[in-house]
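The following exercises are to be worked through with the sequence and the coordinates at hand. Each task is followed by a solution in steps.

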Number of protein chains: 2
Amino acid sequence: MRGFSVVVLSAVLHYVEVAFSSPIASNATAAQLANRKRHWSIGYVVFPGWEPLDVFGPMEILYEMSIYANMTLSVIGKEVGPVSTVPPPHQMDPGGPIMDLSFLLGPTITATHTPETAPPLDFIFVPGGEGGVVLEKQNDTWVEDFIASRADEAQYLLSVCTGSAFLAKSGVLSGKKATTNKSAWDKVVGNGKNVTWVPSARWVEDGKVWTSSGVAAGLDMTYTFMKHLYGTDDIDQVMNIIEYAPHQDPHWDPFSLVWNVPGANKNGSMVGCAGPAGY
Amino acid sequence: MRGFSVVVLSAVLHYVEVAFSSPIASNATAAQLANRKRHWSIGYVVFPGWEPLDVFGPMEILYEMSIYANMTLSVIGKEVGPVSTVPPPHQMDPGGPIMDLSFLLGPTITATHTPETAPPLDFIFVPGGEGGVVLEKQNDTWVEDFIASRADEAQYLLSVCTGSAFLAKSGVLSGKKATTNKSAWDKVVGNGKNVTWVPSARWVEDGKVWTSSGVAAGLDMTYTFMKHLYGTDDIDQVMNIIEYAPHQDPHWDPFSLVWNVPGANKNGSMVGCAGPAGY
């Protein structure tokens with residue numbers, strides 16, 4: 001652990017250097033260097049039944065990058081307090097049986113803000129999960145309403161997995177390309193208007209909106225997003241500390257074949273090869 | 001999301017079938033079929049400064065497997081309530097500067113139990129993170145004391161990243177092989193007695209103790225652990241729903257080369273190739 005501490009300490013000194021001196025030698029663009037010097041306000045939307053890794057995959061990368069970059073986090077729920085990964089019991093269809101998922105493991109994250117109290121946000125991350133189905137069944141539109149209300153102020157909107165259904169409902173995907181979890185394809189692509197859903201994609205970037213495929217794909221999207229925002233100076237080091245070898249080809253999507261997504265690229269490779277970032 | 005709901009619903013029916021009928025056609029061993037029928041009590045240890053993905057990588061897999069298998073979760077902190085990923089300010093060395101990491105992003109998980117109130121546990125997951133350094137600096141041994149007190153009762157003890165330092169201190173690695181985060185190698189391997197630290201390993205299994213390399217390696221270890229416990233009947237489906245292509249070779253460890261770990265296998269491949277589980 002001393003090794004890690006030394007990394008952190010040198011990172012702190014490095015951050016101070018970057019923040020308060022003239023630009024150091026770097027392959028970053030002027031825009032990326034400017035991004036490194038400013039503060040970013042990050043918002044995560046959560047609801048009962050959030051998918052664990054949809055939130056904590058990107059969060060891990062942002063957490064480590066917050067050593068180097070000036071970021072603050074707001075976790076936004078309908079109410080403040082603990083929010084479980086277990087969705088409340090809900091009716092699957094009108095007149096149908098009650099779906100009680102209380103047998104699922106239920107770790108909780110604490111929501112620090114509500115839609116009304118959240119500060120101005122630069123990035124908004126939107127996870128998916130079974131809780132999205134529950135909100136839909138309950139005709140509760142708070143997530144998409146919140147996204148719509150903050151879409152202009154946000155510089156980036158990012159979804160993981162079925163979180164793209166919320167983006168679609170909010171209207172921000174109109175005229176844009178997007179993707180989603182391939183095991184949930186049929187239902188998600190019925191949401192929104194004028195959305196070009198991409199059947200084979202690990203993630204899709206379209207201007208300020210980034211959408212990833214299912215769950216673990218959020219790690220790959222976030223790595224590429226951090227490179228886009230800041231350049232490679234620190235993110236490759238972060239990926240090697242967290243020992244994640246990112247898939248860097250946004251078109252690699254074997255899961256579109258596993259789940260028989262209509263229009264999937266049948267010539268795509270099932271196998272993805274990856275090594276440490278920067279090597 | 002309907003797709004996901006259908007998967008969940010069929011999983012519920014499947015779970016009922018597995019739990020209350022004679023064994024279904026399966027390639028699982030008799031021991032694995034028995035494991036599928038029983039309840040497992042899972043404990044996660046958390047402390048201020050826990051590494052996000054150390055906890056939520058394995059948690060994602062267990063969460064989805066809890067559709068099929070009978071599991072309950074206890075999150076064990078020194079006190080109940082929210083526990084942040086931000087460690088408290090701490091002195092790096094006697095007389096040295098105070099390390100204030102409050103600039104890190106600080107999502108919280110809620111601890112549901114303390115060492116005193118935690119129920120009997122079948123699995124204990126131990127994450128790493130900068131908080132381990134703080135406990136060490138404060139001479140606070142509650143994590144290793146808890147592990148030692150529950151080691152006999154637990155059927156499996158699993159660590160991710162620098163969590164293996166706690167296992168070493170608790171004594172449970174005595175006479176065993178283990179691994180850790182390769183960027184923190186030098187410090188971690190100073191802990192414990194009679195431990196055979198494996199320099200190139202994505203994860204190490206030694207009897208009831210499983211240890212993974214850094215952070216993201218916990219996903220690969222947990223996939224293999226679930227196969228070990230239950231067979232492949234459901235875990236491969238889970239991995240494809242969460243769109244994670246697991247690295248299945250425990251010897252693949254390019255990060256041991258990135259971080260120049262003494263004794264690392266210099267002939268090991270930097271690139272790991274992975275596809276959907278079961279394909």
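**Exercise 1. Determine the contacts and the setting of Asp233(B) in this predicted model.**

Solution. Step 1: leaving aside residues up to four places away in sequence, list the residues that Asp233(B) touches; they are Ser26(B), Asn27(B), Ala28(B) and Arg36(B).
Step 2: place the residue in the chain. Asp233(B) belongs to the loop that lies between helix 8 (217-230) and helix 9 (235-241) of chain B.
Step 3: assign the exposure class. The relative accessible area of Asp233(B) is 28%, and the residue is therefore partly exposed, since that class lies between the limits of 20% and 50%.
Step 4: examine a pair remote in sequence. Asp233(B) and Tyr68(B) are 165 residues apart along the chain, and their C-alpha atoms are separated by 9.8 Å.

**Exercise 2. Identify the salt bridges of Glu136(B) and state which parts of chain B they tie together.**

Solution. Step 1: take the pair with Lys169(B). The side chains of Glu136(B) and Lys169(B) form a salt bridge with an N to O distance of 2.7 Å. Glu136(B) is in helix 4 (residues 131-137) of chain B and Lys169(B) in helix 6 (residues 163-170) of chain B, so this pair ties together parts 33 residues apart in sequence.
Step 2: take the pair with Lys187(B). Here the N to O distance of the salt bridge between Lys187(B) and Glu136(B) is 2.2 Å. Because Lys187(B) lies in helix 7 (residues 185-188) of chain B and Glu136(B) in helix 4 of chain B, the parts tied together are 51 residues apart in sequence.
Step 3: classify the three residues. Glu136(B) is partly exposed at 24%, Lys169(B) is partly exposed at 27%, and Lys187(B) is partly exposed at 23%.
Step 4: turn to chain A. There, a network of salt bridges links Glu136(A), Lys169(A) and Lys187(A).

**Exercise 3. Is each partner in the salt bridge of Lys182(B) and Asp253(B) buried or exposed, and where in the chain does each lie?**

Solution. Step 1: establish the pair. The closest N and O atoms of Lys182(B) and Asp253(B) are 2.9 Å apart, in a salt bridge.
Step 2: locate the partners. Lys182(B) is in the loop between strand 9 (177-178) and helix 7 of chain B, and Asp253(B) is in the loop between helix 9 and helix 10 (255-258) of chain B; the two are 71 residues apart.
Step 3: assign the exposure. Both Lys182(B) and Asp253(B) are buried.
Step 4: set the pair in context. Over all chains, the count comes to 20 salt bridges.

**Exercise 4. Describe the surroundings of strand 6 and helix 6 of chain A.**

Solution. Step 1: consider the two faces of strand 6 (residues 108-111) of chain A. Thr108(A) and Thr110(A) are buried on one side, and Ile109(A) and Ala111(A) are buried on the other. In a regular strand, side chains alternate between the two faces of the sheet.
Step 2: find the strand partner. Strand 3 (residues 81-84) of chain A runs antiparallel to strand 6 of chain A and is joined to it by four bridges; Val83(A) has Ile109(A) as its bridge partner.
Step 3: assess helix 6 (residues 163-170) of chain A. Seven of its eight residues are buried, so the helix is largely enclosed by the rest of the structure. Among the buried residues are Phe166(A) and Leu167(A).
Step 4: inspect what follows. Gly171(A), just after helix 6 of chain A, takes a positive phi of about 95 degrees.

**Exercise 5. Characterise the interface of chain A and chain B.**

Solution. Step 1: count the residues. Contact involves 83 residues of chain A and 84 residues of chain B.
Step 2: state the area. About 6,800 Å² is buried between the chains, with carbon and sulfur atoms giving 69%.
Step 3: examine polar links. The interface has 24 residue pairs in polar contact, and the count of salt bridges between chain A and chain B is zero.
Step 4: resolve the side of chain A that touches chain B. Helix 3 (residues 52-65) of chain A gives the most to this side, with nine residues. The residues of this side comprise 49 nonpolar, 21 polar and 13 charged.
Step 5: look for strand pairing. Strand 13 (residues 272-274) of chain A pairs with strand 13 (residues 272-274) of chain B in the antiparallel sense over three bridges; the bridge partner of Gly272(A) is Ala274(B).

Technical notes: Residues are numbered from 1 along each chain as its sequence is written. Chains are lettered from A and ligands numbered from 1 in the order in which they are written. This is a predicted model: local features need pLDDT of at least 70, side-chain atom pairs count only at pLDDT 80 or more; totals for chains, interfaces and linings use all residues. Side-chain values use heavy atoms; hydrogens and water are left out. Contact means heavy atoms within 4.5 Å. Buried area is the accessible area (1.4 Å probe) that two parts lose on being put together, summed over both. A salt bridge is a side-chain nitrogen of Lys or Arg within 4 Å of a carboxyl oxygen of Asp or Glu. A polar contact is a pair of N or O atoms within 3.5 Å; within protein, one must be able to donate a hydrogen and the other to accept it, and residues adjacent in sequence count only if both atoms are side-chain atoms. Ala, Val, Leu, Ile, Met, Phe, Trp, Tyr, Cys and Pro count as nonpolar, Asp, Glu, Lys and Arg as charged, and the others, Gly among them, as polar. Two strands pair if DSSP finds at least two bridges between them. Buried means under 20% relative accessible area, exposed over 50%, partly exposed in between (1.4 Å probe, protein chains only).
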